[in-house]
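Colleague: Please take a close look at one backbone position in this model, and then set it beside the other places where the backbone departs from the usual. I would like one connected account that ends with the surrounding architecture.

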Amino acid sequence: MSTLPATPTAALDGILQRHGHYPTELLQILIEAQDLEGWLPAPTLTYLAQALHIPRSRVEGVAGFYSFLYTQPVGRYRVLFSDNITDRMLGNTELMDALCRKLWIEPGKLSEDGLVSITTTSCTGLCDQGPGMLVNGRAIGQLTHRRINEIAEMIRQQRPLDLWPAEYFQISDNIRRKDSLLNLDMKPGAALSAVVEMGREGWLQEVQKSNLRGRGGAGFATAVKWASARNAAGEPKVIVCNADEGEPGTFKDRVLLNSYADLVFEGMTLAAWAVGASEGFLYLRGEYRYLLPLLEAVLARRREAGLLGRHILHEPCFDFDIRIHLGAGAYVCGEETALIESLEGKRGTPRIRPPFPVTKGYLGRPTVVNNVETLAKTCLIALGGGEAFAASGTAQSAGTKLLSISGDCAEPGIYEYPFGVPIARILEDCGASDTQAVQVGGAAGVCLAGYEFQRRIAYEDVPTAGAFMIFDGTRDLFDVARAFVHFFAHESCGFCTPCRVGTSLLQGFMDKLADGHGAKADLADIDWLDRLLKNASHCGLGSAAPNPVIDTLQKFRPAYERRLVSLDFEPAFDLDAALAEARQLTARDDPGAHLQTHEEEEK
Amino acid sequence: MSPTPVPARKLRVATTSLAGCFGCHMSFLDIDEHLFELVELVEFDRSPLTDIKDVGPCDIGLIEGGVCNAENVHVLREFRRNCKTLIALGACAVNGGLPAQRNHLPLSECLREVYQFRPGLENGQIPNDPELPLPLDKVRPIHEVVRVDYFLPGCPPSGPAIWKFLTDLIAGRTPRLANGLLHYD
């Protein structure tokens, strides 16, 4: 190992300067500081703490929280295999093993020459074109053995990423079905002109008439949120677009940002007009960092066109601009209060609500946090009016919904449907056959079995943020649930004990069953843990973490029962093997030096 | 038909200490004068109090200490077979406790350090008499080896906590320790 390089203080000073030495920018500063050497050596953390006049423990706490920040050296080529269940179904495990073998390293370890490190990461949102990976933050989809061979070779030759074949980095939108939003061809500024014409009050009334509800899953009425923020005391008010699309199986926001960024930014500006906000943030998940240049270009173009900045559309009191804030690999930051903490440069620990962000959000100011899709949809309302918007969909779910469809089907990708569409219709459209189950809403969502395929996508029936993962008859739903349990255990923020310990215990039980040590008593313990997580967790992550287990235990119980080796109790480990080391040390092999794993055999 | 009266029968209780320090048993004795009430309600099977060597059919089994060797496994299994209700008593039974501190070291290092490399030791060797139970590679909390019905944490649980727990059980209530009685240290 080489010795630590001297801290490049001049470069760090430049980064600090660009961020005005604000401690609230700590996360952004750390992300940029990491770009210097690929990781964050201890002297860098110390230097930043001193320069920002904050305790070093806070800097270390933030650096240690986010998966994409490294306080230990990582390879010059940092390879992260996306590990959603859909990636696993497409063979990511085998591909990762193959790459590790070719490069002579173990997963999670750094190669001796510091060239490469390979490990897994949570869903990177390439489920429709998986298996996916990130190499130094850049996304590659459709991995095959051939691609893996080539990647191994290019890493060995130390070829710079810019010289890798361009088609590797081509991420497709895969839009399969368009409805009102994806068919909208809007000239930037058209929706804004319409709402400025209506006046702030008139615009808010249109949003109210539209019955628009949040597309992030919770379905809160957008007009109510906006009005609460508008009426709350405190300035300047803030609009946040939540593009921390971390729910496994969801990738609609990636497509909206890639091809409909103007609608998203215009939606944020429409929100600002209604609320009277002057500051805007797009919280972009670290996995989508490769979209940053494109998004910055769109923002620059909008500023030039007078659609952002001071006196938008020549309105004297309409100032609003948008900054992009990068996340760094933390699912929990999709929760709006954790997201705000992260925006403030802290660990993404969810806050206690109330107060809600609409009254006390970013830096204690009134803050609206809306999903990417929700904001894009407001353009439709601005152009066509609230009543027209409310006319489609169902009684309680107005408009359309983008679904991110992946898993066992012929045509995975983005499908836009009016709310109320039955599951069976979607399965038919995307060419799914022999479907055993559908996971709607991601890991935190609901697992639907065949007898429920007449149910409909709508807040009043099957609500969803957009993930729609299909499992055919060849899949084992226990494996699916176990993958999600691992995901939650990894993504638990660690703040509250029920979630931190509960997710990890639940993972232990699922692994015990998977390893062939399952017993009936474990199912009772799993039930108990499910209830504990649901009732005692601090935020939605913990209370949703048992969902995949609860659903599959109810609907696919035999998948668990066939794994039981005892109808009573079974240790998770081999008792006789636990004596092996002592046997070796004492050179004993008498009967007393052995233990039967099963008690019955002993009697 | 009138319900058959349940014959008044003393509950049978067994206790043992595995990889523990007998601190939980000492704490048990701290129920002081309640001991007189207790012997009206229960009779003791295998326990350090009776010096009975093998446990017979019981209602309640109290286990102090974690599982550190083969003998602990046998005793624990015998208790499980015989006790309708099995209780992990104290930090070591619940979590492995202090003895589990060796878990982050390889067993061979622990034994060699103690029996071979300790200063002043000449030609020391690791004991290998078949009479001695072999140590497990890791010290385990008892619920990893058998099914456990209740957990009573504390290092040790206080006398009043043990008394409350036992009287709940004897009276047919699900044991529940209020704030103050429930603690982990």
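**A loop residue and its setting**

Modeller: The residue to begin with is A:N211, which sits in the loop that links α8 (190–210) to α9 of chain A. Please keep in mind throughout that this is a predicted model. Although A:N211 is not a glycine, its phi is positive, at about 55°. As for its surroundings, A:N211 has 20 other C-beta atoms within 10 Å, and since a residue is called buried when 20 or more lie within that distance, A:N211 is counted as buried.

A useful partner for this residue is found in chain B, where B:D32, also a residue other than glycine, has a positive phi near 50°. B:D32 belongs to a loop as well, the one between α1 (23–29) and α2 (34–41) of chain B. Its surroundings are another matter: B:D32 has 10 C-beta neighbours inside 10 Å and therefore counts as exposed, the limit for that class being 12 or fewer. A positive phi is thus found at A:N211, which is buried, and at B:D32, which is exposed.

If one follows chain A onward from α9 (222–231), the loop that leads to β6 (237–243) contains A:P236, and the peptide bond between A:E235 and A:P236 is cis, with omega at about -15°. A second cis bond runs from A:P354 to A:P355, and there omega is near 0°; A:P355 is placed in the loop between α13 and β9 (367–371) of chain A.

The helix α13 (336–343) that precedes this loop also takes part in the packing around α2 of chain A, for the buried residues of α2(A) pack against α13, as they do against α1 (9–18), α3 (42–52), α4 (56–65) and β8 (321–326). Those buried residues include A:L26, A:L27, A:I29, A:L30 and A:I31, together with A:Q28 and A:Q34. Helix α2(A) covers residues 26–37, and at 1.5 Å a residue its 12 residues should span 16 Å, which agrees with the 17 Å that separates its end C-alpha atoms. Just beyond the helix, A:G38 adopts a positive phi of about 90°.

Taken as a whole, chain A comprises 23 helices and 16 strands. Its radius of gyration is 25 Å, close to the 25 Å that the globule rule gives for 603 residues, so chain A is as compact as a globular protein of that length. Along the principal axes, its C-alpha atoms fill a box of roughly 90 × 65 × 45 Å. Of the 603 residues, 51% count as buried, and among contacts between residues at least 6 apart in sequence, 72% join residues at least 24 apart.

To return to chain B, strand β3 (residues 58–64) is mostly covered, six of its seven residues being buried. This strand has parallel pairings with two others: five bridges join β3(B) to β1 (residues 11–17), and six bridges join β3(B) to β5 (residues 83–89). Individual partners can be located in the view, since B:S17 is bridged to B:E64 of β3(B), while B:I60 is bridged to B:T85 of β5(B).

Technical notes: Residues numbered from 1 in each chain as written. Chains lettered and ligands numbered in written order. Predicted model: local features only at pLDDT ≥ 70, side-chain atom pairs only at ≥ 80, totals over all residues. Helix = DSSP H or I, 4+ residues; strand = E, 2+ residues; numbered from the N terminus. Rg over C-alpha atoms; globule rule 2.2 N^0.38 Å. Contact = placed C-beta atoms within 7 Å. Expected span 1.5 Å × (residues − 1). Pairing = 2+ DSSP bridges.
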